[in-house]
2 protein chains.
Amino acid sequence: MNAGLLRSSFIVVIEAYLQHGMLSRSDLAALTGISRSAITEITQNLLDMGLLQEFPVIQEKQGRGRPAVSLRFSASHGYFIGVSVTDTPSLVILADMQGNVVGECEIPPSDAPQKLATTIRQAMNDLLRRTGVPRSRLLSIGIAVTGVVDENNGVCRYSAALNWRDVPIAELVKKATGAEAYVGNDANAVAIGEKLFGRARDLRHFSSLILGGNIGCAHYIEGNLYRGYDGGAGEIGHVTLDVNGPRCRCGKNGCLDMYAGGTAMLGLAKAAGLDCQTVHDLEGLATVGNAKAMSILRNGGQALGLAVASLIQINNPKCVLFADVEGFGKGIFQATTRQVIENNILPRFLASTEIVFHQVERSFLARAAASVAAQQYLRTGIVSRVNGSTLQKS
Amino acid sequence: MNAGLLRSSFIVVIEAYLQHGMLSRSDLAALTGISRSAITEITQNLLDMGLLQEFPVIQEKQGRGRPAVSLRFSASHGYFIGVSVTDTPSLVILADMQGNVVGECEIPPSDAPQKLATTIRQAMNDLLRRTGVPRSRLLSIGIAVTGVVDENNGVCRYSAALNWRDVPIAELVKKATGAEAYVGNDANAVAIGEKLFGRARDLRHFSSLILGGNIGCAHYIEGNLYRGYDGGAGEIGHVTLDVNGPRCRCGKNGCLDMYAGGTAMLGLAKAAGLDCQTVHDLEGLATVGNAKAMSILRNGGQALGLAVASLIQINNPKCVLFADVEGFGKGIFQATTRQVIENNILPRFLASTEIVFHQVERSFLARAAASVAAQQYLRTGIVSRVNGSTLQKS
DNA sequence: CCCATTTATTTCAAAAACGGAAATAAATAA
DNA sequence: TTATTTATTTCCGTTTTTGAAATAAATGGG
């Protein structure tokens with residue numbers, strides 16, 4: 001399966017950092033079962049290559065003996081480009097290893113994959129020049145796409161939003177830029193972003209949802225993104241809530257997307273004669289007491305709440321993270337969702353499950369895309385470096 | 001974390017067999033990335049200890065070169081006792097390493113844990129005597145319990161059916177019998193049973209459901225039982241289907257159990273004046289055209305179908321296995337469930353997801369319990385043996 | 001302030017595990 | 001029968017890992 005396999009303890013250690021973020025050598029030894037002596041050597045190598053960095057901990061609750069020194073990925077070890085082709089206009093960002101956005105740049109929307117690749121090259125050069133990051137420190141490029149993605153082969157199988165079918169976008173971008181490129185479904189990218197760079201850094205079990213035109217969802221299970229048997233996990237948007245509900249473009253009736261998707265809600269608002277261009281406007285109307293707006297948002301929240309309640313009881317995540325990219329804010333939609341969740345899960349889940357809504361910055365999805373690149377680099381790309389010059393006998 | 005850690009390749013190989021059932025040395029090398037030479041040595045050790053056995057394959061589609069010889073766990077390496085305290089009267093079975101039931105024995109229902117432990121000892125002795133299996137070959141005891149179970153500590157936290165709270169049943173049984181004992185939630189046990197001994201031997205992603213008085217559910221993800229963040233995964237029985245539905249004993253309304261649980265359906269039947277003691281009777285009435293019976297079963301199937309459709313779209317399992325312990329048979333309930341599932345999942349899931357109903361034998365749950373013991377033995381119990389006499393330098 | 005205690009990390013030699021190349025085995029196709 | 005193909009084993013050198021002892025860096029108590 002693996003040709004020149006990276007020695008296994010190395011992988012184990014990197015995985016541990018991917019899953020836990022920050023760990024002392026002692027933690028590592030305890031967690032992985034590798035002896036402390038071996039841990040010393042491995043971390044020394046990783047420190048030498050600049051991947052890990054000692055982190056001066058000021059722990060309030062310092063115990064008795066010598067304090068442990070924590071290690072984590074070094075922010076400046078390398079940089080990643082993240083591209084979100086989900087929204088329009090698309091955004092390209094440059095992030096470091098810890099997910100700090102060091103530069104961003106807007107690119108015009110473009111449906112033609114080849115043209116997109118060229119645009120990304122320009123954006124990349126632009127960002128590197130502006131930030132002064134040398135090309136050699138750019139490790140890889142991550143692309144988040146709405147739709148069905150074959151992440152192993154870097155192909156977007158189908159995207160309704162972009163009108164793509166079987167587009168080998170990773171390869172196109174690699175050819176255009178000369179950098180390794182990876183694609184991911186946007187919902188998966190968000191989950192990876194929350195794990196590596198966001199609010200889920202030390203969670204091993206969580207689900208994340210994007211509240212956008214449609215509802216995207218992905219799960220982390222046992223510290224790893226769970227893609228499902230054939231990559232289809234997370235299709236919560238098409239959970240049926242009412243078999244007699246409105247027809248969805250998927251052909252079924254009463255899908256969650258038809259109630260809680262931004263697109264659907266705006267459609268309902270328009271049909272009800274409301275004057276609003278965005279979900280934010282709709283929330284605004286609800287705030288001033290517009291009954292129709294309130295009803296639409298409440299129904300949406302109710303639907304989302306029920307679907308997420310099912311998710312919680314089926315999968316028992318530690319946390320459910322909602323990323324509000326649409327602009328709901330702290331309004332009636334969010335309040336209803338939370339309440340319906342709480343009313344429809346068993347008490348023991350109520351006590352142990354965190355529900356977190358957060359409004360996200362414009363760069364959120366692009367940053368998520370960068371996290372895909374970072375994760376891939378850490379999982380596979382790094383092998384070449386380790387086998388290369390740095391690791392040879394000290 | 002692990003004191004005398006078993007060398008890692010050993011664990012990897014055993015895990016590979018737990019997850020794949022039957023593998024040749026070549027398969028193993030490809031799957032694990034371990035070199036063929038190492039695989040030869042490891043499998044030799046496992047063969048020597050009698051854990052693995054070469055399996056004379058008569059492969060129809062034999063290729064060109066030397067045929068691979070498959071290995072799998074040796075059925076006679078050891079035996080396990082499985083106890084199902086879920087149903088009444090409880091059943092105790094003796095199974096070999098491949099899940100063949102070599103002896104079974106009924107025990108009277110008993111709510112008192114201490115008494116149960118004593119009864120299990122008697123049953124154990126009885127089974128060993130009757131089958132001629134020497135005590136030394138009995139590796140461990142598995143107990144499946146309905147309710148909330150702390151599987152790490154062997155404690156049943158709460159079981160409404162048995163009226164137990166914080167019962168350290170594993171320890172009680174261990175003291176009574178002198179054998180290592182493990183407890184598992186019955187739904188989890190069924191999933192493990194399907195994986196190790198049943199219809200899921202070579203599936204890495206599946207969910208299994210028990211259709212009994214209530215609906216139990218558990219998931220295998222990436223080849224491992226997924227218990228959730230705090231052991232609560234699989235509570236599909238309390239998925240809300242209708243917020244205005246009948247009140248469940250959990251305090252919520254319209255839970256799946258209230259429509260598709262055997263107990264609830266029989267209650268509805270009784271309320272409708274139908275004369276039936278079992279779900280099987282109810283199906284019988286439906287078969288001869290009784291409208292009320294048909295309606296109850298159809299509603300139940302509809303509810304179950306919707307909940308499972310959600311499960312499929314959220315988790316994308318390869319297969320959903322229904323274990324019919326209640327006696328529905330191939331009736332209207334099953335047909336409706338299947339149809340509703342098919343109508344409420346996206347086409348791509350319809351193509352890739354197997355839905356399997358199977359009626360199970362009386363010994364099914366006890367066998368599942370034995371599989372819990374077998375899995376625990378393979379994961380942890382075996383360490384002592386390997387570190388012991390057998391593995392020393394050849 | 002010094003010393004015993006505690007916990008973390010490193011050092012170093014011995015042992016174990018692992019990989020690579022070549023040999024051997026067991027089949028099929030010609 | 002021989003060439004070819006794939007699986008498995010053998011052999012040997014090297015890398016990795018471990019275990020025990022040493023060292024480091026803190027706290028708490030005289």
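Which residues of α6(B) are buried? This tour of a predicted model comes to that helix at its last stop, after the chains, their symmetry and the DNA strands.

**Stop 1: chain A and its confidence**

Select chain A and colour it by pLDDT. The average is 91, and 94% of the residues score at least 70. Two stretches call for caution. Over residues 1–5 of chain A, pLDDT stays under 50, and the model has six contacts beyond four places in sequence for them. Residues 387–394 of chain A likewise stay under 50, with six contacts beyond four places in sequence.

Next, colour chain A by domain. Domain 1 covers 8–73, domain 2 combines 77–179 with 364–383, and domain 3 covers 202–359. Between the C-alpha centres of domain 1 and domain 3 of chain A there are 38 Å.

**Stop 2: the two chains together**

Display chain B beside chain A. Chain A can be superposed on chain B by a rotation of 180° with 0.0 Å of shift along its axis, at an RMSD of 0.1 Å. This is the relation of a two-fold axis. Both copies use the same surface, since 100% of the contact residues of chain A recur in chain B.

Now select the interface itself. Here 38 residues of chain A are in contact with 38 residues of chain B. On the side of chain A that touches chain B, at least two residues each are supplied by α2, α10 (291–315) and α12 (347–352) of chain A. Helix α10(A) provides the largest share, seven residues. By class, this side of chain A consists of 18 nonpolar, 15 polar and five charged residues.

**Stop 3: DNA strand C**

Select DNA strand C and the protein residues around it. There are 25 of them, and the closest are Gly65(A), Arg66(A), Ser35(B), Ser37(B) and Arg66(B). Two or more residues of this surface come from each of α2 (25–32) and α3 (36–48) of chain A, and from each of α1 (8–20) and α3 (36–48) of chain B. The largest share, three residues, belongs to α3(A). The surface near DNA strand C holds six nonpolar, 12 polar and seven charged residues.

**Stop 4: DNA strand D**

Move to DNA strand D, which has 26 residues around it; Ser35(A), Ser37(A), Arg66(A), Gly65(B) and Arg66(B) come nearest. The elements to highlight, each giving two or more residues to the surface near this strand, are α1 (8–20) and α3 of chain A, with α2 (25–32) and α3 of chain B. Six nonpolar, 12 polar and eight charged residues make up the surface near DNA strand D.

**Stop 5: helix α6 of chain B**

Finally, select residues 186–196 of chain B, which form helix α6. Of its 11 residues, 11 are buried, so the helix is largely enclosed by the rest of the structure. The opening question is thus answered by Asp186(B), Ala187(B), Asn188(B), Ala189(B), Val190(B), Ala191(B), Ile192(B), Gly193(B), Glu194(B), Lys195(B) and Leu196(B).

Centre the view on Glu194(B), which is found in this helix. Why does Glu194(B) count as buried? The cut-off is 20 or more other C-beta atoms within 10 Å, and Glu194(B) has 26. Leaving aside residues up to four places away in sequence, Glu194(B) touches Arg199(B), Ala200(B), Ser208(B) and Leu321(B). As a last selection, add Ala368(B): 174 residues separate it from Glu194(B) along the chain, yet their C-alpha atoms are 7.5 Å apart.

How values were computed. Residues are numbered from 1 along each chain as its sequence is written. Chains are lettered from A and ligands numbered from 1 in the order in which they are written. This is a predicted model: local features need pLDDT of at least 70, side-chain atom pairs count only at pLDDT 80 or more; totals for chains, interfaces and linings use all residues. A residue is near a molecule or strand if its C-beta atom, placed from the backbone, lies within 6 Å of it. Helices (H or I, at least four residues) and strands (E, at least two) are DSSP runs, numbered from the N terminus. Ala, Val, Leu, Ile, Met, Phe, Trp, Tyr, Cys and Pro count as nonpolar, Asp, Glu, Lys and Arg as charged, and the others, Gly among them, as polar. Two residues are in contact if their C-beta atoms, placed from the backbone, lie within 7 Å. pLDDT is the predictor's confidence in each residue, from 0 to 100. Copies are superposed by least squares on the C-alpha atoms of residues with pLDDT of at least 70 in both. Domain bounds come from an automatic or database domain assignment. A residue is buried if 20 or more other C-beta atoms lie within 10 Å of its own, exposed if 12 or fewer, and partly exposed in between; C-beta atoms are placed from the backbone.
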